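Subject: Handing over the structure

Hi there,

Here is the structure I promised to pass on to you. Have a look at it first, and then read on for what turned up.

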Amino acid sequence: MPSYDYVIVGAGSAGCVLANRLSEDPDTSVLLIEAGPPDTADFIHIPAAMAALFRSQNDWDYTTGFEPGADGRRIYLPRGKTLGGSSSINAMIYIRGNRVDWDEWAAGGCAGWTSEAMLPYFKRAEDNERGEDAVHGVGGPLRVSDARARSVTAEAFVEAAEAAGLPRNEDFNGEQQDGVGFYQVTQKDGKRHSTAVGYLHPVADRPNLTVETHLQATKVLFDGTRAVGVQALRLSDLLEFTAEREVVVCGGAYNSPHLLTLSGLGRAEELELLQIPLVAEVPGMGLNLSDHPTSGLTCTIRTEDSLKDALNDENLGRWMEGQGPLTSNVGESGGFFRTREDLQVPDVQFHMVPAMFEQEGLVPPPAHGFTLSCCVLRPASRGQVAVVSPDPTTKPLIVHNYLDAEEDVRSMVKGVQKALEIIEAEPLGSFVEARHLVPESASDADVEAFVRRTVQTIYHPVGTCKMGDDPLAVVDADCRVHGVEGLRVVDASVFPSVPRGNTNAPVIALAERAADLIRGRTTAAPDVALAG
């Protein structure tokens, strides 16, 4: 049985960071296991081709159960299944969340995870093309760039939103999060800069780092209550790997609780029904699932200024030179908005897509147009990831309970009403030829009905292995799983709630700090805080 100091399960946004940082010590051996293939598919590296990866070999291709708050629909849930994980198929938007997120988590039982403590990790990860300042770093593994593709409708959205009363914001990760503008993206020279590209490939030749692809973990192996290795499946071959120090699970909000439940961690009565031997009672396993629900308005436009026909030979040539529409991250512009004056921080986020995003991105755009989506930033609704079979290749049952909480509905309705106002404002209004998919009117009842029949994920699931010290917490403030030894979870599943913004950058910073915790190191906190 091959033996390593650390076995990391999942080569996604967190796993690639950990593989890099833990293998910096030449006396430490690291195994990184990934269920999917290497990140060699062309569409991974072409930013605008994001949706072409949906339901491919690079996607876990999950679907929710029947969602009561979404008119009983089942909602498609893409997740990256390749080196880089979801950072290899996402929209590349670089948002750190709001400083309130981290400070709330720290105050609620996640000691050490304050916004002040996290800023050095964001800066250490970052290589921002704007240069170094009080809140941004240079020289890190992750390239952060200004968008090279600025579609005319994405520009028009920013101006229309200003006309509708929203301030312009040049840096959502700066002093204030509120306002509208263009997102910075995880790209380098117009190409996707995933954690595989930034963190893993540059160190792949380290003799103490082994990367195994096409290898799906089936369970964590225990000696009593100590994790000692991982069992994994490649085709019909069942393999085992020993971890001398620790197993670190980085499967994400869906796969991490699934794997840990299969390994005997969870609620005793459920494990007994599944005929899975109990290793330790972990009552919160798979609970507390949270995500940003989003709903999009789509309009056709009078011009051909969209991404509809962008994938052609001419634009591929321009992309090879780091230019042209294929460098678009799809969600080019957007912003953050407070639907009520009494709110301390924004409660909704806009994403402006210079294309008609139809049927959850699973069909090509029917015409030239745009999509303006609105998501709820801090939803109160909670769902669950549940194991339904002891067969590890069976997909879990995932129910988000989108729009279950009335406050989520209220924020979404107000946000969509503001989006309707923006698409009427100039100069965006002049582009609109016809409203393709919008509410019947701007009334609360019509907007709520529209939201329930169109709501989908914006790809930010978190919370199913919650960090903290309460009875439903799965890991402690050092990411160690309660009730066992030698096992940690490091991914979005440990966030107690979803950050206010896109989740990739927070996961990378989480993994940077977790690597220090694993190695017993600390980083001094600076005097400046994250964006508010």
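Let me begin with charges and rings. The charged end of Lys81 is placed over the ring of Trp60, at 4.5 Å from the ring centre. A second case involves Arg513, whose charged end sits over the ring of Trp113, 4.4 Å from its centre. Please keep in mind throughout that this is a predicted model.

**Aromatic pairs**

There are 12 aromatic pairs in the structure. One of them brings together Trp102 and Phe495: the ring centres are 5.9 Å apart and the planes stand at 85°, so this pair is edge-to-face. It joins parts of the chain that are distant from each other, 393 residues apart, with Trp102 in helix α3 (residues 99-107) and Phe495 in the loop between β25 (487-489) and α13 (504-519). Trp102 is buried, its relative accessible area being 1%. Phe495 counts as buried too, at 2% relative accessibility.

Another pair to look up is Phe172 with Phe336, where the centres lie 5.4 Å apart and the planes make an angle of 65°, so it is edge-to-face. This pair also links distant parts of the chain, 164 residues apart: Phe172 belongs to the loop between α5 (152-163) and β7 (179-182), while Phe336 is in strand β18 (residues 333-337). Both Phe172 and Phe336 are buried.

Trp102 and Phe495 come back in a wider group, since they form one aromatic cluster together with Trp105 and Phe122.

**Cysteines**

How many disulfides does the structure hold? The number is 0. Cys374 is in no disulfide, and the nearest cysteine sulfur, which belongs to Cys375, is 6.6 Å away. Cys374 counts as buried, with 0% relative accessibility. For Cys465, the closest cysteine sulfur is that of Cys479, and at 11 Å this is too far for a bond. Cys465 is likewise buried, at 0% relative accessibility.

**The second largest pocket**

The second largest pocket contains about 450 Å³ of space. Its lining is made up of 21 residues, and those nearest the pocket centre are Ala48, Ala51, Ala52, Leu307 and Pro365. By type, the lining has 18 nonpolar residues, 1 polar residue and 2 charged residues.

**Helix α7 and what follows**

Why is helix α7 (residues 252-262) described as largely enclosed by the rest of the structure? The reason is that 11 of its 11 residues are buried. Among them are Tyr254, Asn255, Pro257 and His258. Just after α7 comes Gly264, which takes a positive phi of about 100°.

Ser263 has a contact in space worth looking at: its C-alpha atom is separated by 9.6 Å from that of Ala280, 17 residues apart along the chain. Ala280 is part of strand β16 (residues 280-281), and at 7% relative accessibility Ala280 counts as buried.

**Backbone details**

A few places in the loops may catch your eye. Glu426 and Pro427 are joined by a cis peptide bond, with omega at about 10°. You will find Pro427 in the loop between α10 (406-424) and α11 (428-431).

Which residues other than glycine have a positive phi? Met92 is one of them, with phi near 65°, and Leu403 is another, with phi near 60°. Met92 is located in the loop between β4 (76-77) and α3, and Met92 is buried, with 1% relative accessible area. Leu403 is found in the loop between β22 (397-399) and α10, and Leu403 is also buried, at 4%.

Finally, there is Gly36, in the loop between β2 (30-33) and α2 (42-45). Gly36 counts as buried, with a relative accessibility of 2%. Its C-alpha atom is 9.2 Å from that of Gly10, and the two glycines are 26 residues apart in sequence.

Happy browsing, and all the best!

Terms used: Residues are numbered from 1 along each chain as its sequence is written. This is a predicted model: local features need pLDDT of at least 70, side-chain atom pairs count only at pLDDT 80 or more; totals for chains, interfaces and linings use all residues. Side-chain values use heavy atoms; hydrogens and water are left out. On a 1 Å grid over the protein atoms alone, a cavity is a set of points where a 1.4 Å probe fits but cannot get out, and a pocket is an open set with protein on both sides within 12 Å along at least five of seven lines; lining residues have an atom within 4 Å of a point. Grid points are joined across faces, edges and corners, and a volume is the space filled by probe spheres set on the points. Ala, Val, Leu, Ile, Met, Phe, Trp, Tyr, Cys and Pro count as nonpolar, Asp, Glu, Lys and Arg as charged, and the others, Gly among them, as polar. A disulfide is a pair of cysteine sulfur atoms within 2.5 Å. Buried means under 20% relative accessible area, exposed over 50%, partly exposed in between (1.4 Å probe, protein chains only). Rings of Phe, Tyr and Trp (its six-membered ring) pair if their centres lie within 6.5 Å; planes under 30 degrees apart count as stacked, over 60 as edge-to-face and the rest as tilted. Helices (H or I, at least four residues) and strands (E, at least two) are DSSP runs, numbered from the N terminus. A charge sits over a ring if NZ of Lys or CZ of Arg is within 6 Å of the ring centre and within 35 degrees of the ring normal.
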